[in-house]
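Me: Could you take me through one part of this structure slowly, as if I'd never looked at a protein model before? Pick a part with some strands in it, please, and then tell me how the rest of the chain looks around it.

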Amino acid sequence: MRRRFFCQILSFSLLCPGALAQGFLARYQARVTSTQAAQPRWVTPLVTITPRLEQELRTDFTRQRNAAGYDTWSLGGGKGPETIPFGPLQITLNLPPFLDHTEPGKRDGFGDLSVLLKYRMFSRNEEHGNAIATFFLGASVPTGKNANGLCCAVVLPTLALGRGWGLFDVVTTAGGTLPVTNARGLGHTIAWNTTLQYHVAKTGKRRFLWPELESNTAFFRGGPNDGNVQSFLTPGLMIGRLPLSRDAAGNPKRLALTFGMGEQIAVRRFHTYNHALVVSIRVPF
């Protein structure tokens, strides 16, 4: 009896934490699924930050070419894990990118760490309005090495809006940088991005195709680029969400793969780089 009692206690101590963890994860994922069901199911654009709440692992790779023909590669693209901890809130931890330069005299190194908070203020899925409005609050910390980041911390409030009509949707974001210190030296940048996105089909293999055209514009006030405006047109193609797991009935589960690429092409005389290649890989979970 003592041996049987001891075995039961041992089994409970080993299995109970695992069962509790599985139960917590199941409830957590069910809550995330419910949160996302109340918003449109568009795929996140290549450059423009989506107003949708996402839960995924993301990494980007970008190549920017300056006027002298030298390239800067950003490995990681300043992206990272995105989670929906509760309610209409998303927390993103953007890991420092590694910047690799081909220009002589420029030293390689890691860039700045940043975080992004999203609060979804309004949302309607495709069946009940196909629209969304979200407030962002981003912040970067000067962790860059070898002049590969900013000198000071910066806060970035942004408003994002989205509206869909059938297979077509438009997303636009507008925000500005607020340096915590050295505002005169850094200046302020107003960023305005707009994406036109088309979902090729709702069924069949073509349902994974999302061609898009983005407009990415920055207005500089103060700082080294005072008075200038930099604008790009970014044609791209996103492919997703490709299911990586299915349930017993064969229905797709949350784990998936989304990837895409495009090129930023300068459309104004002033630009600090041109013909920027952007590659993005995301794993929704």
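Reply: Let's start with a bit of vocabulary: two strands count as a pair if DSSP finds at least two bridges between them. Keep in mind, too, that this is a predicted model.

Now go to strand 14, which covers residues 229-243. How many bridges join strand 14 to strand 15? There are 8, and the two strands run antiparallel. The cut-off is at least two bridges, so strands 14 and 15 count as a pair. Strand 15 is made of residues 256-266, and you can find one spot of this pairing by eye: L242 stands opposite L257 of strand 15.

Strand 14 has another partner as well. Strand 13, residues 209-221, is joined to strand 14 by 11 bridges, again antiparallel. To see a single bridge here, look for E214, whose partner in strand 14 is T234. So strand 14 pairs with strand 13 as well as with strand 15, by that same cut-off. While you're tracing these strands, here's a handy rule: in a regular strand, side chains alternate between the two faces of the sheet.

Okay, zoom out. The whole chain has 16 strands and 2 helices. Its C-alpha atoms fill a box of roughly 80 × 45 × 35 Å along the principal axes. Of the contacts with a separation of 6 or more, 55% are between residues 24 or more positions apart. Buried residues are 36% of the 285 in the chain. The chain exposes about 15500 Å², with 66% of that supplied by carbon and sulfur atoms. As for charges, there are 31 positive and 17 negative ones, and their mean positions are 10 Å apart.

For contrast with the strands, hop over to helix 1, residues 2-37, which holds both F24 and Y28. They sit 4 residues apart, about one turn of the helix. The structure holds 5 aromatic pairs, and F24 with Y28 is one of them: a stacked pair, 6.2 Å centre to centre with 25° between the planes. Is each ring's residue buried or exposed? Y28 has a relative accessible area of 15%, so it falls under the 20% cut-off and is buried. F24, at 47%, is partly exposed.

Another stacked pair is W165 with F168, where the ring centres are 6.4 Å apart and the planes meet at 25°. F168 is partly exposed too, with 31% relative accessibility.

Notes. Residues are numbered from 1 along each chain as its sequence is written. This is a predicted model: local features need pLDDT of at least 70, side-chain atom pairs count only at pLDDT 80 or more; totals for chains, interfaces and linings use all residues. Side-chain values use heavy atoms; hydrogens and water are left out. Buried means under 20% relative accessible area, exposed over 50%, partly exposed in between (1.4 Å probe, protein chains only). Contact means heavy atoms within 4.5 Å. Accessible areas come from the Shrake-Rupley method with a 1.4 Å probe; for residues, only the protein chains shown count as cover. Lys and Arg count as positive and Asp and Glu as negative; His and the chain ends are not counted. The place of a charge is taken as NZ of Lys, CZ of Arg, CG of Asp or CD of Glu. Rings of Phe, Tyr and Trp (its six-membered ring) pair if their centres lie within 6.5 Å; planes under 30 degrees apart count as stacked, over 60 as edge-to-face and the rest as tilted.
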